[in-house]
Amino acid sequence: MKYMQGSYPIVEKQAIATDTFSFTVRCPEVAALAKPGQFVHILPKGYGLRRPISIAGIDRAKGTLRIVFAIRGKGTEALAQMNPGDDMDMIAPLGHGFTLLPEAQHVALVGGGIGVPPMLPLAKYYGERATAISGFRSFKQIILQEDFDALGAQAICCTEDGSAGAVKGFVTAPLEQLISEGLDAVYACGPMPMLKAVAEVCLRTGTWCEVSLEERMACGVGACLGCACRTKDANGEEQFLHVCKNGPVFKAEEVQW
Ligand SMILES: Cc1cc2nc3c(=O)[nH]c(=O)nc-3n(C[C@H](O)[C@H](O)[C@H](O)COP(=O)(O)OP(=O)(O)OC[C@H]3O[C@@H](n4cnc5c(N)ncnc54)[C@H](O)[C@@H]3O)c2cc1C
Ligand code: FES
């Protein structure tokens, strides 16, 4: 895993929903290496511990990365205070990204809430071969649907309360529909109950599936044992892996749900 640490200038900042921000950071050497599904580990000013945020956009020509995050606590609140011109202290790119399948004809990108952003680099790769199924609690949390459109992917938006989007309810209903029509792969990121439900559908139907897990992290590079995740190997034997180093992307059948 090749990564670097540096201070990189923020070149763009946008508020895209309540307490949710999109930042673009100029970091050409990181952008040159970054892959869909990897993350950056950011040190908020005045803090000792970094915060992991998924890579939501890679522009190698411009030498930039995009991240999208929601304020959850003091660390992300401090990050949200930053502005274009400020330098972001990052270690990146970290983790194992998603497996890209050049032959796949139709893939589903399933994102829940703030798990939607890491689906964007996959939408860029698959274009019109991708259907992005995004789930939110209500219209207030909806983000990035127009970005999927711009990348050529079909966007299906679901809200639990039915306040917006084509589907009232969970992401699994449109996912099951797509699987019944024929789907080569499913990629998912979001809250654990959603990932578990998506994995259950995929394992039951024999559909190839990778999930990106979230775990609290400290070092981010496999050195502190802070982000252990219970998995099983090919023989079904239990093993603990690091979400930061061995993940955050795992095969659905690897995870001990
Ligand atoms: C690989 C990875 C990628 C991520 N990508 C994104 C992203 O693209 N956008 C985004 O908004 N967030 C993302 N997160 C979550 C983000 O790292 C946390 O929200 C952030 O670290 C919270 O820091 P804080 O100081 O603001 O909050 P804290 O004060 O540290 O915590 C606030 C609340 O969030 C919970 N929390 C903290 N860290 C996590 C975590 N890792 N998983 C679940 N709950 C947590 C705490 O238990 C607490 O309830 C990602 C996490 C991981 C591990
Ligand atoms: S965060 Fe230190 S081992 Fe993963």
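Start at ligand 1 and colour β4, the element that gives the most to the shell around it, with 4 residues. Keep in mind that you're looking at a predicted model.

Now widen the selection. β4 (51-54), β6 (64-70) and α2 (74-80) each supply at least two residues of that shell. In total, 19 residues surround ligand 1, and the closest are Arg-51, Pro-52, Gly-75, Thr-76 and Arg-216.

Time for some distances. Pick the side chain of Thr-76: one of its polar atoms sits 2.4 Å from an oxygen atom of ligand 1. Next door, a backbone N or O atom of Gly-75 is 2.8 Å from an oxygen atom of the ligand. Then jump to Glu-215, where a backbone N or O atom lies 3.0 Å from a nitrogen atom of ligand 1. Switch on a surface, too: the protein covers 77% of the 870 Å² of accessible area that ligand 1 has on its own.

Next, select the open sheet, 7 strands in the order β11-β10-β9-β8-β12-β13-β16 with mixed pairing. Its edges are β11 (167-168) and β16 (249-251), each pairing on one side only. Zoom in on β13 (residues 209-212), which runs antiparallel to β16 and is joined to it by 3 bridges. Here Glu-210 stands opposite Lys-251 in β16.

Add helix α5 (residues 172-181), which packs on the sheet and touches β8, β9, β10, β11 and β12; its direction makes about 160° with that of β9. Helix α6 (residues 192-205) lies across β8, β12 and β13, at about 165° to β12.

Last stop: Thr-20, in strand β2 (residues 20-26). Thr-20 counts as buried because its relative accessibility is 8%. Show its contacts, among them Gln-14, Phe-69 and Ile-143.

Terms used:
Residues are numbered from 1 along each chain as its sequence is written. Chains are lettered from A and ligands numbered from 1 in the order in which they are written. This is a predicted model: local features need pLDDT of at least 70, side-chain atom pairs count only at pLDDT 80 or more; totals for chains, interfaces and linings use all residues. Side-chain values use heavy atoms; hydrogens and water are left out. Buried means under 20% relative accessible area, exposed over 50%, partly exposed in between (1.4 Å probe, protein chains only). Contact means heavy atoms within 4.5 Å. Two strands pair if DSSP finds at least two bridges between them. Axes are lines fitted to C-alpha atoms, for helices over the stretch in contact, and angles run from 0 to 180 degrees between N-to-C directions. A residue is near a molecule or strand if one of its heavy atoms lies within 4 Å of it. A polar contact is a pair of N or O atoms within 3.5 Å; within protein, one must be able to donate a hydrogen and the other to accept it, and residues adjacent in sequence count only if both atoms are side-chain atoms. Accessible areas come from the Shrake-Rupley method with a 1.4 Å probe; for residues, only the protein chains shown count as cover. Lists of a residue's contacts leave out its neighbours within four places in sequence.
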